[in-house]
Amino acid sequence: MGVEVVVDGLTKSFGRQVIWEDVSLTLPAGEISVLLGPSGTGKSVFLKTLVGLLRPDRGHIWIDGHDLANCTENKLYELRRLFGVLFQDGALFGSLSLYDNVAFPLREHTKRSESQIRQIVMEKMELVGLVGAEGKLPGEISGGMRKRAGLARALVLDPEIILFDEPDSGLDPVRTAYLNQLIVDLNAETEATFLIVTHDINTARTVPDDIGLLFRRELVMFGPREMLLSSDEPVVRQFLNARKHGPIGMSEEKDISELEAEAQQGHDPGTLPPIPPQLMPSGNRLRRTQRPPGTWLAANGVIPPQGSFVDDRGRNWLEEYPRLINAHLNGVR
Ligand SMILES: Nc1ncnc2c1ncn2[C@@H]1O[C@H](COP(=O)(O)OP(=O)(O)OP(=O)(O)O)[C@@H](O)[C@H]1O
Ligand SMILES: [Mg+2]
């Protein structure tokens with residue numbers, strides 16, 4: 001079972017450069033959250049702060065009643081064990097085989113025997129589809145395989161919270177689709193709390209329960225996927241629909257004259273595209289934290305754009321979902 005992470009008033013700067021200020025959000029236990037934002041807005045810094053690799057200037061990170069941002073080194077060491085992190089570049093040791101890379105945290109943090117380690121490593125290798133590649137060096141495999149090896153390593157200590165820094169960067173669209181399915185299946189299985197940083201809009205639109213957006217040194221919005229996908233907030237709308245029109249420009253912030261020119265042209269922001277159905281775990285399973293489609297919209301009286309929740313096979317998930325629940329309850333796999 002994952003744990004809740006409550007971030008309260010977090011601020012981080014390097015010297016005089018403020019990265020983000022007063023960030024508050026709650027990662028609900030067991031849910032999948034995505035964090036978006038233009039390059040350089042401090043998403044990686046945020047993940048590193050969450051695991052205690054960087055100390056914030058101000059604010060709190062509450063986990064299980066402890067404030068990770070303001071605790072002793074010993075407590076921090078203990079709290080860190082709740083986390084599994086897939087770093088942006090995989091961060092594998094180049095001179096170690098995939099097997100030794102994945103075994104590393106077990107050898108470092110536990111007193112398990114080599115035969116117990118072998119069993120855990122092979123189980124995680126199988127989970128990420130890397131059986132047979134254990135003996136390879138990171139330099140001998142593809143980028144996608146390196147990501148999966150990094151994921152296997154992030155999983156070996158059975159973390160309660162898993163942070164993914166751009167798990168899909170550099171992957172082709174098909175591999176990204178497989179990886180997204182793997183992430184959703186992993187969440188169903190481990191019930192851990194997930195936070196994914198990504199630039200892939202399709203991933204952001206279909207995978208998470210919640211979405212957050214960093215822009216101009218602040219968290220513009222954080223909340224249920226359906227809330228952000230139906231939002232009129234200009235930055236959210238521009239980013240989640242990958243549009244040129246809006247406050248975000250090539251160098252992160254458009255200058256005033258560009259924005260004024262856009263306003264004068266009276267550019268119509270256009271209608272919102274349909275909200276896609278959420279990616280479901282494979283095999284008629286449901287995640288423990290799964291919310292039925294349309295939950296947030298209905299609770300807030302928001303009517304989604306036409307065609308919402310229809311998948312690429314033409315199935316409407318507002319109708320499909322109750323059937324899935326029945327199948328799930330009847331144990332059909
Ligand atoms: N250890 C550090 N010391 C000083 N500045 C840093 C450090 N780490 C990051 N920064 C700065 O913090 C800012 C945010 O960096 P970060 O890597 O978090 O961006 P990001 O949102 O992850 O970008 P991308 O999408 O390109 O990965 C950058 O300006 C970067 O130069
Ligand atoms: Mg980054």
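This briefing covers the overall form, one open sheet, the nonpolar core, the ligand shell and some backbone features of the structure above. The model is predicted. The protein has 12 helices and 12 strands. Its radius of gyration is 21 Å, which agrees with the value near 20 Å for a compact globule of 333 residues.

**Overall form**

- Along the principal axes, the C-alpha atoms fill a box of roughly 70 × 55 × 40 Å.
- Buried residues make up 36% of the 333 residues of the protein.
- Of the contacts between residues at least 6 apart in sequence, 69% join residues at least 24 apart.

**The four-stranded open sheet**

- Four strands form an open sheet in the order β2-β1-β4-β5, and the pairing is antiparallel. The edges are β2 (17–27) and β5 (66–67), each of which pairs on one side only.
- Strands of a sheet pair through backbone hydrogen bonds, either parallel or antiparallel.
- Strand β1 (residues 5–14) is joined to β2 by seven bridges. Within this pair, Ser-13 stands opposite Val-18, and Val-5 has Leu-27 as its bridge partner.
- Strand β1 also pairs with β4 (residues 58–63), in the antiparallel sense and over five bridges. In β4, Val-5 has Ile-63 as its bridge partner, while Val-7 stands opposite Ile-61.
- Val-5 therefore has a bridge partner in β2, Leu-27, and another in β4, Ile-63.
- The pairing of β4 with β5 is antiparallel and consists of two bridges. Here Trp-62 stands opposite Asp-67.

**Nonpolar core**

- The largest nonpolar core has 71 residues. Those with the most contacts inside this core are Ile-61, Val-102, Ala-152, Leu-163, Ile-196 and Leu-213.
- In soluble globular proteins, nonpolar side chains tend to be buried together.
- Leaving aside residues up to four places away in sequence, Ile-61 touches Val-5, Val-7, Leu-10, Leu-50, Asp-67, Leu-68 and Ala-69. One of these, Val-7, is the residue that stands opposite Ile-61 in the pairing of β1 and β4.
- Val-102 is one of the buried residues of helix α3 (residues 98–109). The others are Leu-98, Tyr-99, Asn-101, Ala-103 and Leu-106.
- The cover over the buried residues of α3 includes α4 (114–127) and α5 (143–155).

**Surroundings of ligand 1**

- The shell around ligand 1 consists of Phe-14, Ile-19, Gly-37, Ser-39, Gly-40, Thr-41, Gly-42, Lys-43, Ser-44 and Val-45. By class, three of these residues are nonpolar, six are polar and one is charged.
- Helix α1 (residues 43–50) gives the most to this shell, with three residues.
- Gly-42, also in the shell, lies in the loop between β3 (32–36) and α1.
- Gly-42 counts as buried because it has 21 C-beta neighbours inside 10 Å, and the cut-off is 20 or more.
- Apart from residues up to four places away in sequence, Gly-42 touches Lys-12, Ile-19, Trp-20 and Leu-214. Of these contacts, Ile-19 is also among the residues around ligand 1.
- Gly-42 and Arg-81 are 39 residues apart in sequence, and their C-alpha atoms are 23 Å apart in space.

**Positive phi values**

- Most residues other than glycine have a negative phi, and most peptide bonds are trans.
- The hairpin of β1 and β2 has two residues between the strands, and Gly-15 takes a positive phi near 60° there.
- The hairpin of β4 and β5 likewise has two residues between the strands, and in this hairpin Asp-64 has a positive phi near 55°.
- Asp-22 is not a glycine, yet its phi is positive, near 55°. Asp-22 is found in strand β2 and counts as partly exposed because it has 13 C-beta neighbours inside 10 Å.
- Phe-309, another residue that is not a glycine, has a positive phi of about 65°. Phe-309 is placed in the loop between α11 (295–299) and α12 (317–329), and it is buried, with 21 other C-beta atoms within 10 Å.

Definitions and conventions
Residues numbered from 1 in each chain as written. Chains lettered and ligands numbered in written order. Predicted model: local features only at pLDDT ≥ 70, side-chain atom pairs only at ≥ 80, totals over all residues. Core = buried A, V, L, I, M, F, W, Y, C linked by C-beta atoms within 7 Å. Buried ≥ 20, exposed ≤ 12 C-beta atoms within 10 Å, placed from the backbone. Contact = placed C-beta atoms within 7 Å. Near = placed C-beta within 6 Å. Nonpolar A, V, L, I, M, F, W, Y, C, P; charged D, E, K, R; others polar. Rg over C-alpha atoms; globule rule 2.2 N^0.38 Å.
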